[in-house]
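Student: I've got this structure open and I'm not sure where to begin. Can we go through it one question at a time?

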Amino acid sequence: MGRDTIADIITSIRNADMDRKVTVRIASTNITENIVKILLREGFIENVRKHQESNKYFFGGMGIVILSTSRGIMTDREARLERIGGEILCYIWGVLPGMKEQKWIHEGLITESLPNGMFRVRLDNENMILGYVSGKIRRSFIRILPGDRVKIEVSRYDSTKGRIIYRIRNKDSNN
């Protein structure tokens, strides 16, 4: 029975994450080299260096789907852009310590109230996005109505939706 190189890489990363290690050491092969390049390019690894004597890679970070396609190994996002299919090699998700998902915080105006705590929000840059109420606002029974100004947290991966994290008080009201 042969070794599963991809599973070894993912297991090494997962174990390092559970042990809160910043450095991961993996064997260098053509497939690991391609996977490491994708992780580095996508921003899930901070840095990589190939150790010359032992032919191993060192890196820290992770979060995507890696595919084997007719045009080589690539992420699912790249395959979708090129409109090609492929076989899933591995899923990588989660974040190592110190590598939090980057989110942008915008201010906006609630333009429409939708069912289930959803709102249509016009950001200050005139973009319209779908906002949903965060758990803290929901638990505190903070009422949000059309016309209210809010702070909304938007993921860099999906800029069409955001989480409403703060209702900005109107200067002319007492509540």
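**Working through the model**

Student: Let's start with one residue: which loop is Arg83 found in?
Tutor: Two elements flank Arg83, and we're after the stretch between them. Helices (H or I, at least four residues) and strands (E, at least two) are DSSP runs, numbered from the N terminus. With those labels, Arg83 is found in the loop between α3 (76-82) and β6 (86-92).

Student: Before going on, what average pLDDT does the protein have?
Tutor: This is a predicted model, so local features need pLDDT of at least 70 and side-chain atom pairs count only at pLDDT 80 or more, while totals for chains, interfaces and linings use all residues. Residues are numbered from 1 along each chain as its sequence is written, and side-chain values use heavy atoms, leaving out hydrogens and water. pLDDT is the predictor's confidence in each residue, from 0 to 100. Of the residues, 78% score at least 70, and the protein averages a pLDDT of 78.

Student: Over which residues is the pLDDT below 50?
Tutor: Where pLDDT is low, the predicted coordinates should not be read in detail. The stretch we want does have 55 contacts in the model beyond near neighbours in sequence, a contact being heavy atoms within 4.5 Å. Even so, the pLDDT is below 50 over residues 52-62.

Student: Back to Arg83: is it buried or exposed?
Tutor: Buried means under 20% relative accessible area, exposed over 50%, and partly exposed in between (1.4 Å probe, protein chains only). Arg83 isn't a glycine, yet its phi is positive, about 55°. Its relative accessible area is 77%, so Arg83 counts as exposed.

Student: What is the phi of Asn116?
Tutor: Asn116 is found in the loop between β7 (103-114) and β8 (118-123). At 70% relative accessibility, Asn116 counts as exposed. Asn116 is not a glycine either, but it has a positive phi of about 60°.

Student: Now Ser134: buried or exposed?
Tutor: Ser134 is found in the loop between β9 (128-133) and α4 (135-139). Leaving aside residues up to four places away in sequence, Ser134 touches Arg163, Ile164 and Ile165. Its relative accessibility is 4%, so Ser134 counts as buried.

Student: Which residue in β11 stands opposite Val133?
Tutor: Two strands pair if DSSP finds at least two bridges between them. β9 and strand β11 (residues 161-168) pair in the parallel sense over four bridges. Opposite Val133 in β11 stands Ile164.

Student: In what order do the strands of the closed barrel run?
Tutor: In the protein, the secondary structure comes to four helices and eleven strands. The closed barrel is made of five strands, with mixed pairing. Its order is β7-β8-β9-β11-β10.

Student: How many residues of strand β4 are buried?
Tutor: Across the protein, buried residues make up 32% of the 175 residues. Strand β4 (residues 64-69) is mostly covered, and the number of its six residues that are buried is five.

Student: And which residue in β5 is the bridge partner of Leu67?
Tutor: β4 and strand β5 (residues 72-75) pair in the antiparallel sense over four bridges. They form a hairpin with two residues between them. In β5, the bridge partner of Leu67 is Met74.

Student: What about charges: how many salt bridges does the structure hold?
Tutor: Side chains of opposite charge can pair when their charged atoms come close. A salt bridge is a side-chain nitrogen of Lys or Arg within 4 Å of a carboxyl oxygen of Asp or Glu. By that rule, the salt bridges in the structure number seven.

Student: How far apart are the closest N and O atoms of Glu107 and Arg149?
Tutor: Glu107 is in strand β7 and Arg149 is in strand β10 (residues 149-155), so this pair links distant parts of the chain, 42 residues apart. Glu107 is partly exposed at 33% relative accessibility, and Arg149 is partly exposed too, at 28%. In their salt bridge, the distance between the closest N and O atoms is 3.2 Å.

Student: Which other residue is linked with Glu107 and Arg149 in a network of salt bridges?
Tutor: We've just seen Glu107 form a salt bridge with Arg149. The network of salt bridges links that pair with Asp124.

Student: Last one: which residue forms a salt bridge with Glu126?
Tutor: Glu126 is exposed, with a relative accessible area of 58%. Its partner counts as partly exposed, at 35% relative accessibility. The closest N and O atoms are 3.8 Å apart, and the partner is Arg122.
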